[in-house]
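Grab a coffee and open the viewer: here are some exercises to work through, each with its solution. Try every task yourself before reading on.

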Amino acid sequence: MNYLSSALIMTFGLAISHQQTLLAADPSAVDILKDADRARGSAAVEEGITWSVKVDTSGEDGSNSVSYLLKVKGSDALAEAVAPARNKGEMMLFNDRNIWFFKPGLKKPVAISPRQKLMGQAANGDIASTNYAKDYEGTIMATETVNGEACWKLDLKAKAKNVTYDKIRYWISKKDRLGVKAEFLTVSGDVFKLAAFEYKNKLNSGTKDYAFVSKMTITDALNPKNITTLNYESPKPSKLSDSLFNVNNLVR
Amino acid sequence: MTVGAPIVELIGITKTYQLGETKVEALKGISLSLKKGEFTAIVGASGSGKSTLLNMIGCIDEPTTGSIILDGVDVHSLDDNKKSDLRNRKIGFIFQSFNLIPVLDVFENVELPLLINPAISAAERTDRVHQAIKDVGLGDRIRNRPDQLSGGQRQRVAIARALAGNPALVMADEPTANLDSTTSFKIIDLMLDLNAKRHVTFLFSTHDEKLMSKVSRKVHIADGMLVGASKV
Amino acid sequence: MNLTLLQSLSRMAWRNLRRNFRRNLATGVAITAGFTAFLLAAGYASRVESVLRYYTIYGLRTGHVTIQKKGSLEMYAIKPRLWSLDENAQSKITTVLATMTQIEKSGRLLKGQGLIGNGCKTFPFIATGVDLDVEQYAMTHPELLKWTPHITKLNIGRPIWEAEANVSPVAVSIGLAKLLGKSKTLDQIDRTQKLSILDCSMPNVRDHFSDDANVQLASGTWDGQLNASDSEMMQLYSTGLVETNSSSIVLSMNQLQSLYNTKNIASYSVWLKDAKDTQSTINTLNEKLGDFANELEILPWNEERIGPYYVGTMRFIVTMVGFIGCVLALVIILSIFNSATMTVIERSEEVGMLRSIGYTRGLVRLVFVLEGFFLTVVSTVFGIIVGLTSMFFVNRSGITFRPPGVEGGLQLILVPNFWVMILATVCVSSLAVFATWIAVSGISKKNISELVAGTHR
């Protein structure tokens with residue numbers, strides 16, 4: 001009897017320690033997310049980055065296109081519409097999780113929600129840099145292959161109410177730690193939007209080249225005809241003044 | 001006093017009541033004829049069947065067998081409404097307890113049976129009511145209510161009500177039972193007087209021997225059967 | 001039956017009421033009390049009905065008739081662009097409306113959602129866009145002012161149709177203004193002062209929100225872009241309902257159309273000279289709009305989807321008054337039946353006498369039925385007098401109460417309704433006749449000789 005118990009304990013004990021060894025081999029979810037966030041504009045260069053993004057929507061409500069110039073520094077971002085003429089001068093200021101909208105003629109900026117639709121399938125929060133590592137509690141759930149590439153599958157849960165999504169399923173490539181695809185979920189856990197990412201841009205931080213997002217395609221999960229594409233161009237480091245991101249300076 | 005053709009004919013009248021599980025034969029084959037203008041008393045002890053007989057003649061109760069011919073009409077053949085009409089036009093009722101309506105005055109009480117007779121105009125009705133009240137000697141109490149009258153006066157009102165419709169037959173079931181003897185004689189005298197003046201057939205029941213001396217015909221009833229008829 | 005007989009029987013019945021005075025008094029008091037309670041409940045219902053009716057027609061700008069795209073009542077909130085009336089549809093409808101003489105006023109409505117901001121914070125709004133002349137017509141309608149003073153008296157500032165040409169006015173519901181921290185309207189602030197941009201991180205920033213009447217409205221346009229516009233708070237108003245008092249705003253049609261970047265509207269409201277023409281107007285509109293009417297829904301104001309608050313509340317109130325009416329009917333039937341039954345038993349010899357002297361069963365019943373009828377009529381007349389007097393004192397006493405969902409206190413006012421009184425009197429009298437008839441019919445069929453002798457029992 002004693003022999004048998006000892007054998008069982010040893011067998012299970014070995015099995016448990018083996019499992020721990022496997023998990024310990026993976027990096028932490030926060031580290032993975034930090035790397036993935038950097039390729040989507042977050043904290044790659046301390047003094048600031050700029051890029052341009054063109055948002056194209058198509059679907060049952062017609063099609064539309066607006067171009068923005070993005071200026072990002074730390075957790076602040078400023079998106080300024082540059083085309084078409086109708087939207088020119090419209091600005092969205094991201095102070096961490098707070099978003100302000102301003103357009104010429106307004107006497108004051110308007111606080112808006114990151115969850116509110118900006119255009120088509122894109123939410124306001126989608127246009128700026130992402131900081132999933134800070135805004136979400138991430139858990140590695142599994143390893144899956146996406147487009148022939150081994151990926152970590154992460155479940156992200158919002159840490160605060162004023163972030164863009166309640167829940168995200170995020171696939172990050174193991175090889176280069178870039179977000180490959182994402183599913184955005186409602187509070188009840190239903191997928192309502194799908195996103196796919198491409199990284200053909202390069203951002204030179206001065207010391208090193210980083211892959212930078214070039215395309216984000218967001219599709220309506222219920223109606224796949226409704227697609228919004230964000231095409232990113234010319235990411236580059238730029239020395240940005242803090243006053244750019246002061247809401248009081250929006251009204252000039 | 002002239003006595004004419006029969007106004008009421010009873011042929012083989014029986015009446016049986018069901019009292020619990022017992023059958024009570026109140027009338028046992030009574031045949032009787034009353035002629036126009038007669039003043040008849042039905043005499044009998046209490047429970048002899050005299051009230052039942054009067055109810056049959058007055059069409060307010062149905063015989064079990066036999067037939068009643070009232071002024072040429074077989075009563076049995078009539079429905080309830082026609083019987084009501086027959087009572088209204090042919091029969092006057094005088095009750096032991098007067099049965100006046102306390103909220104109506106003398107005139108209105110007497111007027112009651114005439115109101116439902118469409119053959120009588122308003123003017124004629126008023127005349128008849130006044131005449132009937134005058135005939136019973138209450139011309140000065142026309143607007144009095146029953147509670148302002150004595151027992152005798154109330155019975156006079158009842159007599160006036162019975163006479164106002166000029167009926168062929170006036171029926172009175174123990175009309176003097178609730179009156180003292182002086183008043184009782186006065187009421188019988190009044191009825192006799194009206195019988196003489198108006199030639200109305202009077203039929204009344206009584207068990208008061210003193211009153212019987214006044215009537216022209218007595219019909220004795222005992223145990224639901226006639227025991228003899230006499231003329232005084 | 002001749003008139004003299006009826007008069008005589010009525011006289012007898014009327015006088016008979018005095019014979020059992022105490023019993024009849026008790027019966028009469030029961031009927032009077034029940035009838036008074038019913039009239040008070042009906043008076044309350046009548047008041048609430050009028051308030052809700054005119055609140056819906058004018059206060060909510062529903063009109064007597066509304067015209068919208070078929071299916072828009074369910075779908076407009078989800079996809080307003082697809083379920084609204086475009087310029088072409090508006091042109092067709094306006095042309096037809098212009099030909100109809102029964103129409104007093106018609107106007108366009110636009111509804112939508114968005115965010116309203118004070119420079120630091122935003123809150124969701126539900127907006128109504130309306131042409132200013134239509135707004136003036138609806139909000140100053142005498143019926144609205146007469147029936148909803150508890151709502152209109154709460155208004156602060158000037159109505160939006162009085163705004164100067166260089167001002168984009170908005171009327172903000174009181175609860176929403178409170179959320180925004182704005183208590184002053186445009187007229188209450190010093191307009192010569194330059195608008196300051198607040199530092200929202202200041203600890204006492206809330207104290208400065210009321211320094212100006214300026215607000216920003218932000219929303220997605222109907223073609224899917226973010227938009228915002230400036231407005232000045234001209235008026236604070238109460239919607240009268242807790243549910244909407246912290247989210248509603250009203251602004252001009254042009255402003256709201258510009259915010260949503262559309263020329264479309266949600267619906268037309270049509271106000272009639274005579275409300276009785278509502279259904280005929282719907283019929284005429286359907287006829288005149290021809291095939292185009294098939295694409296529309298033309299509905300009366302009291303249709304459940306158009307006036308859900310009116311329909312829902314009235315359903316409850318009518319049920320309540322109906323219940324009181326049923327209780328009253330039961331009280332009357334039982335009181336009269338009881339009284340009549342006892343009366344006929346006591347007066348069975350009289351019934352026998354009447355039958356003996358030629359009164360038919362029907363006539364005997366009539367005597368008693370007339371008594372019940374008179375007793376009831378007298379009681380209901382007293383009920384009306386007591387009811388009207390009570391209403392007078394209740395209305396004068398200024399009692400206020402707060403019905404669920406209603407913003408602020410509502411003064412308890414009871415409105416006598418002439419037709420309800422007539423109808424209730426007729427119903428109550430009919431019930432009395434019915435109850436007496438039933439009570440008497442048994443005895444009138446009894447053997448007459450037994451009735452006369454008092455042995456029928």
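Two strands count as paired if DSSP finds at least two bridges between them. Keep in mind throughout that this is a predicted model.

**Exercise 1. Follow the paired strands of chain A**

Task: Work out which residue of β4(A) is the bridge partner of Asp76(A), and how many bridges join β4(A) to β5.

Solution:
- Step 1. Begin with strand β3 (residues 76-83) of chain A, which runs antiparallel to strand β4 (residues 91-95) of chain A and is joined to it by five bridges.
- Step 2. Look for the partner of Asp76(A) in β4(A): Asn95(A).
- Step 3. Move on to strand β5 (residues 98-102) of chain A, which is antiparallel to β4(A), with five bridges joining the two.
- Step 4. In β5(A), Phe102(A) is the bridge partner of Met91(A).
- Step 5. Check the turn: the hairpin of β4(A) and β5(A) has two residues between the strands, and Asp96(A) has a positive phi there, near 55 degrees.

To place this in its chain, chain A has four helices and 17 strands. Of its 252 residues, 40% are buried. Among contacts in chain A with a separation of 6 or more, 49% are between residues 24 or more positions apart.

**Exercise 2. Describe the contacts of chain C with its partners**

Task: Find how many residues each chain brings to the contact between chain C and chain B, and which helix of chain C gives the most to it.

Solution:
- Step 1. Count both sides: chain C brings 23 residues and chain B brings 23 residues.
- Step 2. List the elements of chain C that each supply at least two residues to its side: α1 (3-16), α12 (348-356), α13 (361-397) and α15 (448-453).
- Step 3. Of the elements on this side, α1(C) gives the most, with six residues.
- Step 4. Sort the chain C side by class: eight nonpolar, nine polar and six charged residues.
- Step 5. Now turn to the contact between chain A and chain C, which takes 21 residues from chain A and 21 residues from chain C. On the chain A side, β2 (64-73), β6 (110-112) and β7 (117-119) each supply at least two residues. That side has 10 nonpolar, six polar and five charged residues.

**Exercise 3. Decide whether a loop residue is buried**

Task: Is Ile357(C) buried or exposed?

Solution:
- Step 1. Locate Ile357(C) in the loop between α12 and α13 of chain C.
- Step 2. Recall that a residue is buried if 20 or more other C-beta atoms lie within 10 Å of its own.
- Step 3. Ile357(C) has 24 C-beta neighbours inside 10 Å, so Ile357(C) counts as buried.
- Step 4. Look across to chain B: neighbours within four places in sequence aside, Ile357(C) is in contact with Arg87(B), Asn88(B), Phe93(B), Leu112(B) and Pro113(B).

**Exercise 4. Relate the domains of chain C to the core**

Task: Explain why the largest nonpolar core lies between the two domains of chain C.

Solution:
- Step 1. Chain C is divided into domain 1 (3-54 + 311-453) and domain 2 (61-306). Their centres, taken over C-alpha atoms, are 49 Å apart.
- Step 2. Where the domains touch, 10 residues of domain 1 of chain C are in contact with 15 residues of domain 2 of chain C. The largest share of the domain 1 side, three residues, comes from α2(C).
- Step 3. The largest nonpolar core has 240 residues, and those touching the most other members are Trp100(A), Phe101(A), Ile172(A), Ala160(B), Met171(B) and Ile249(C). The largest share of this core, 15 residues, comes from α2(C).
- Step 4. Both domains of chain C give residues to this core, so the core lies between them.

**Exercise 5. Find the buried face of a helix**

Task: Which residues of helix α9 of chain C are buried, and why are they on the same side?

Solution:
- Step 1. In α9 (residues 253-260) of chain C, the buried residues are Gln255(C), Leu256(C), Leu259(C) and Tyr260(C).
- Step 2. These residues cover an arc of only 125 degrees around the axis, so they are on the same side of α9(C).
- Step 3. They pack against β2 (103-117), β3 (122-130), β6 (214-220), β7 (226-237) and β8 (248-252) of chain C.
- Step 4. After α9(C) comes Asn261(C), with a positive phi near 50 degrees.

Technical notes:
Residues are numbered from 1 along each chain as its sequence is written. Chains are lettered from A and ligands numbered from 1 in the order in which they are written. This is a predicted model: local features need pLDDT of at least 70, side-chain atom pairs count only at pLDDT 80 or more; totals for chains, interfaces and linings use all residues. Two residues are in contact if their C-beta atoms, placed from the backbone, lie within 7 Å. Ala, Val, Leu, Ile, Met, Phe, Trp, Tyr, Cys and Pro count as nonpolar, Asp, Glu, Lys and Arg as charged, and the others, Gly among them, as polar. Domain bounds come from an automatic or database domain assignment. A nonpolar core is a set of buried Ala, Val, Leu, Ile, Met, Phe, Trp, Tyr and Cys residues joined through C-beta atoms within 7 Å. A residue is buried if 20 or more other C-beta atoms lie within 10 Å of its own, exposed if 12 or fewer, and partly exposed in between; C-beta atoms are placed from the backbone. The arc is that of the directions from the helix axis to the C-beta atoms.
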